[in-house]
Amino acid sequence: MEQKVCPVCGQAFDTGTILLDKRLRNSLERKTVTGWDLCPKHAKLWQKGYIALVACDPEKSTFTGNAIKPGDAYRTGAIAHVRKAVAREIFNVEMTGPVAFVEPAVVDMLEEMQEENSGD
């Protein structure tokens, strides 16, 4: 059974695809991870127009240039979902993918902004 790992939550999930070795050998594990993809929960949020901001420890993550690959991100567990248009306004950057790895302070700032706005 094929599994993917969600780059947002880091959890493996079944895709429903059965994998077969072309040589018909017993070379695959019962559950085989083949790559990264959004889990059903985070795929729905992406389809609704949200980007996942995943907090990562910059000291423990490995950078490739200025970017972090999902497997190289050391997640802190904090996640914020922000509408694509709002993210563009806040960060002044066009975000095209469903996930952005950010420093923990970014998620903290967004939580503070939310608390301030909910108090009105």
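**Pockets, cavity, sheet and cysteines of the predicted model**

The lining of the largest pocket is formed by I79, A80, H81, V82, V86, I90, V107, L110, E111, M113, Q114 and N117. The structure is a predicted model. Three elements, β7 (75-83), α2 (84-91) and α3 (104-118), each give two or more residues to this lining. Of these elements, α3 makes the largest contribution, with six residues. In terms of residue class, the lining of the largest pocket comprises eight nonpolar, three polar and one charged residue. The space enclosed in this pocket amounts to about 260 Å³.

The second largest pocket has a volume of about 220 Å³. Its lining consists of C56, P58, F63, N66, A67, I68, V99, A100, F101, V102 and E103. At least two of the lining residues come from β6 (67-68), and at least two from β8 (99-102). The largest share belongs to β8, which supplies four residues. Nine nonpolar residues, one polar residue and one charged residue make up the lining of the second largest pocket.

Enclosed space was examined as well. Rolling a probe the size of a water molecule over the atoms reveals where empty space remains. Across the whole structure, one cavity of 30 Å³ or more is found. The largest cavity holds about 30 Å³ of space. Its lining is made up of V8, L38, H42, L45, W46, Y50, I51, A52, H81 and P98. Two elements, α1 (40-47) and β4 (50-56), give two or more residues each to the lining of the largest cavity. Eight of the residues lining this cavity are nonpolar and two are polar, whereas charged residues are absent. H81 appears in the lining of the largest cavity and also in that of the largest pocket.

An open sheet of three strands is present, in which the order is β2-β1-β3 and the pairing is mixed. The edges of the sheet are occupied by β2 (12-14) and β3 (32-36); each has a single partner strand, so one side of each lacks a neighbour in the sheet. From one strand to the next, the twist averages 35°. Pairing between β1 (residues 2-5) and β2 is antiparallel and extends over three bridges. Within this pairing, K4 lies opposite F13 of β2. In general, the strands of a sheet are paired through backbone hydrogen bonds, in either a parallel or an antiparallel sense.

The cysteines were considered next. A disulfide is a covalent bond between the sulfur atoms of two cysteines. The structure contains zero disulfides. For C39, the closest cysteine sulfur is that of C6, at 3.7 Å; this distance is too far for a bond, because a disulfide requires the two sulfur atoms to lie within 2.5 Å. C39 has a relative accessibility of 10% and therefore counts as buried, the cut-off being under 20%. For C56, the closest cysteine sulfur is likewise in C6, but at 13 Å, which is also too far for a bond. The relative accessibility of C56 is 2%, so C56 is classed as buried. C56 is also one of the residues lining the second largest pocket.

Notes: Residues numbered from 1 in each chain as written. Predicted model: local features only at pLDDT ≥ 70, side-chain atom pairs only at ≥ 80, totals over all residues. Heavy atoms only, no water. Pairing = 2+ DSSP bridges. Axes fitted to C-alpha atoms, helices over the stretch in contact; angles between N-to-C directions. 1 Å grid on protein atoms, 1.4 Å probe; cavity = no way out; pocket = protein on both sides within 12 Å on 5 of 7 lines; lining within 4 Å. Points joined across faces, edges and corners; volume = space filled by probe spheres on them. Nonpolar A, V, L, I, M, F, W, Y, C, P; charged D, E, K, R; others polar. Buried < 20%, exposed > 50% of the residue type's maximum accessible area, 1.4 Å probe, protein only.
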